[in-house]
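Student: Could you take me through one part of this model up close, and then show me how the surroundings fit around it? An informal tour is fine.

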Amino acid sequence: MADTLKLQLQFGGGAELLFDKIKKREIELPALNKYIPDSKDNKWTIRHLLVWIKDNLLRERPELFLQGDSVRPGILVLINDADWELFGELDYELQNNDVIMFISTLHGG
Amino acid sequence: MPIPCRTGCGKNAMLKRPKTGDALCKECFFWAFETEIHFTITKAELFKRGDSVAVAASGGKDSTVLAHVLKTLNERYDYGLNLMLLSIDEGITGYRDDSLETVKRNRDDYEMSLKILSYKDLYGWTMDEIVAQIGRKNNCTFCGVFRRQALDRGAAMLGVKCIATGHNADDIAETVLMNVLRGDIARLKRCTAISTGSEGTIPRVKPLKYTYEKEIVMYAHYKKLVYFSTECVFAPNAYRGHARALLKDMEKIRPTCIMDIIYSGETMAVKEEVTLPTQRICTRCKFVSSQEVCKACVLLEGLNKGLPKLGIGKSSKAKRMLDEYNTKQEQNLKDAIKQLDNDVEKIENNCQSNQKCRSNLCKNKRNGLLNKKSCNNKCSGNCDRTKVIVDNTKVDNLLAKYAIHEPVKKINTDGNNIVNVDEDFDTSDNEDVNIDQEDDTCSASCGKMGSLIGF
């Protein structure tokens with residue numbers, strides 16, 4: 001039984017500047033109840049992923065990426081190359097090998 | 001659970017359009033995106049067959065998508081346009097130099113000619129140099145004003161009928177909001193126009209006026225267009241940043257607010273009794289201006305005269321600063337002449353009294369800030385001493401002139417000024433060596449100086 005969840009994270013449109021300019025990362029998430037003990041069920045959602053990103057990847061100026069419990073408005077989220085707005089946004093339940101991409105629309109013009 | 005494309009094409013939807021709320025697949029999105037821009041262009045009659053059109057290209061997402069879509073539509077609907085790319089190199093190391101590489105790639109990908117104009121060539125200053133002069137507070141004013149005119153100049157050089165810019169719906173909504181927040185009625189009135197430009201100027205058109213930023217980014221992503229997305233290295237415009245953040249928050253709650261703000265801006269009527277500045281031609285550079293002398297010329301004059309704050313704020317303030325500057329210059333000149341006369345007199349009298357020099361010092365000190373300032377620049381950092389040391393208006397004035405002389409070399413708009421200053425300076429060429437010597441003395445020993453002068 002795979003306790004961990006493998007994902008690929010991608011950052012683009014300037015969002016990568018907040019993540020050491022690295023555009024692609026392979027990550028492995030631990031079982032959710034080990035990472036967030038008070039979570040009700042053991043299912044990783046984008047909401048949880050954002051917490052993990054904040055704790056593990058985001059080094060500086062988190063307000064440029066996050067706002068409240070979501071991403072900052074103006075940052076697009078793609079789940080397997082599709083708009084997250086079609087998949088329940090924060091409540092989307094992550095699957096093994098999902099590719100989650102964050103594209104900033106806020107940079108340059 | 002995948003959602004099917006709303007058009008019924010049988011494919012799965014890939015994005016939700018913010019403008020309509022429709023869930024579409026990639027192909028149907030491309031079609032909708034491009035067709036809407038086509039309708040925008042044809043409905044507003046932005047182009048005529050045979051026109052040459054310059055696409056203002058920064059290498060960013062908007063202009064990259066604009067260039068790509070215009071090329072696509074030009075071929076698909078046979079507009080008969082001659083498209084080319086026009087870029088401005090502001091001279092910002094680590095930002096524009098990189099983004100211009102992206103523009104060069106656009107040139108190759110879209111097979112369009114590319115013209116790059118630099119601030120350095122047009123104005124004699126790069127943005128890096130300007131920021132070194134004025135700091136990071138008002139630099140965006142310089143950059144914006146200069147770019148606007150630079151595009152006009154570039155378009156004139158290319159002989160195009162119009163300039164297409166990549167302003168998108170979010171940008172325009174943001175600008176409406178900004179102009180409301182600033183009470184800038186003149187700009188509020190014209191900022192939503194899809195085509196701007198008074199008689200005798202090259203019009204600007206905004207084919208992406210009704211295109212959402214989100215869709216532009218999604219289009220660029222799905223089409224795998226290469227664009228540049230680094231923020232300018234200089235301080236971002238804070239006020240605009242707030243307006244932008246507010247708008248993005250509202251858009252999240254109700255995406256149509258973008259279109260609604262644009263609609264509000266378009267239909268808002270300005271009361272008849274409100275007087276708006278009329279557009280005319282700058283008396284110096286002959287480009288469009290709302291003042292007798294355009295903002296670009298005022299800013300440039302300020303830079304070249306060492307008064308970089310000149311163009312910041314109201315034009316009446318600029319005029320006052322310039323008057324003060326000219327008065328000071330005249331006064332300096334008079335003082336220098338007077339002092340030379342005095343010196344000659346002194347030499348004749350063979351004055352050796354330290355006392356006299358000291359009293360001289362007081363008089364000199366009253367002669368104005370400029371003197372002290374330029375001496376401070378010249379003296380190697382020993383400010384307190386400098387104040388005491390400067391007891392010779394002649395040296396002082398020559399230093400003042402010397403300090404001003406350097407930037408004046410850069411003036412290319414004001415011929416008279418160059419000549420005048422150069423003549424002034426030429427007459428004092430003989431003193432050059434003396435200045436340097438005395439300058440050294442300045443930071444070395446002040447006691448020496450009185451005796452030097454009094455000899």
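Student: Let's zoom in on one residue: does B:Asn179 count as buried or exposed, and how many C-beta neighbours does it have inside 10 Å?

Tutor: Keep in mind that we're looking at a predicted model. B:Asn179 counts as buried, because it has 20 C-beta neighbours inside 10 Å, and 20 is also the number at which a residue starts to count as buried. The residue sits in helix α7 of chain B, which covers residues 169-182. Leaving aside residues up to four places away in sequence, B:Asn179 touches B:Asp184, B:Arg187, B:Leu188 and B:Cys191. There's a C-alpha distance worth having too: B:Asn179 and B:Lys189 are ten residues apart along the chain, with 9.1 Å between their C-alpha atoms.

Now let's widen the view to chain B. Its secondary structure adds up to 20 helices and ten strands, and 37% of its 455 residues count as buried. If you take the contacts in chain B between residues at least 6 apart in sequence, 69% of them join residues at least 24 apart.

One sheet to look at in chain B is an open one with six strands, in the order β5-β4-β3-β6-β8-β7 and with mixed pairing. β5 (113-118) and β7 (195-196) are at the edges, and each has a single partner strand, so one side of each has no neighbour in the sheet. At the β7(B) end, the partner is β8(B), residues 204-205, and the two pair antiparallel over two bridges. There, B:Ser195 stands opposite B:Val205 of β8(B). Helix α3(B), residues 96-110, packs on the sheet and touches β4 and β5 of chain B, with its direction at about 170° to that of β4(B).

Elsewhere in that sheet, β3(B) is mostly covered, with four of its five residues buried. β3(B) pairs with β4(B) in the parallel sense, over five bridges, and one pair to look for is B:Ala56 with its bridge partner B:Leu86 in β4(B). Helix α2(B) lies across β3 (52-56), β4 (82-89) and β6 (162-164) of chain B, and runs at about 155° to β3(B).

That region leads us to the core. In soluble globular proteins, nonpolar side chains tend to be buried together. Here, the largest nonpolar core has 111 residues, and A:Val77, B:Val55 and B:Leu86 are the ones with the most contacts inside it. For B:Val55, not counting residues up to four places away in sequence, the contacts are B:Ser63, B:Leu66, B:Ala67, B:Leu70, B:Leu83, B:Leu85, B:Leu86 and B:Ala164.

For a helix pair in chain B, try α5 (residues 127-134) and α6 (residues 139-158): their axes come within 10 Å and cross at roughly 145°. The crossing is right-handed. From α5(B), B:Met127, B:Ile130, B:Val131 and B:Ile134 meet B:Asn139, B:Phe142 and B:Cys143 of α6(B). By class, the residues of this contact are six nonpolar, one polar and no charged.

On to where the chains meet. The contact takes 24 residues from chain B and 17 residues from chain A. On the chain B side, the elements giving two or more residues are β1 (15-16), α2 (61-76), α9 (213-222) and α10 (238-253). The largest share of that side, five residues, belongs to α9(B). Sorted by class, the side of chain B that touches chain A has eight nonpolar, six polar and ten charged residues.

Helix α9 of chain B also holds B:Tyr219. B:Tyr219 is buried, because 22 other C-beta atoms lie within 10 Å. Not counting residues up to four places away in sequence, it touches B:Phe33 and B:Val65. B:Val65 is 154 residues from B:Tyr219 along the chain, yet their C-alpha atoms are separated by 7.7 Å.

Last stop, chain A. An open sheet there has five strands in the order β2-β1-β7-β5-β6, with mixed pairing. Its edge strands are β2 (24-29) and β6 (82-83) of chain A, each pairing on one side only. β6(A) is joined to β5(A), residues 75-79, by two bridges, and the two strands run antiparallel. To find that pairing in the viewer, look for A:Ile79, whose bridge partner in β6(A) is A:Ala82.

Note on methods: Residues are numbered from 1 along each chain as its sequence is written. Chains are lettered from A and ligands numbered from 1 in the order in which they are written. This is a predicted model: local features need pLDDT of at least 70, side-chain atom pairs count only at pLDDT 80 or more; totals for chains, interfaces and linings use all residues. Two residues are in contact if their C-beta atoms, placed from the backbone, lie within 7 Å. Ala, Val, Leu, Ile, Met, Phe, Trp, Tyr, Cys and Pro count as nonpolar, Asp, Glu, Lys and Arg as charged, and the others, Gly among them, as polar. A nonpolar core is a set of buried Ala, Val, Leu, Ile, Met, Phe, Trp, Tyr and Cys residues joined through C-beta atoms within 7 Å. A residue is buried if 20 or more other C-beta atoms lie within 10 Å of its own, exposed if 12 or fewer, and partly exposed in between; C-beta atoms are placed from the backbone. Two strands pair if DSSP finds at least two bridges between them. Axes are lines fitted to C-alpha atoms, for helices over the stretch in contact, and angles run from 0 to 180 degrees between N-to-C directions. A crossing is left-handed if the near helix is turned anticlockwise from the far one by less than a right angle, and right-handed if clockwise.
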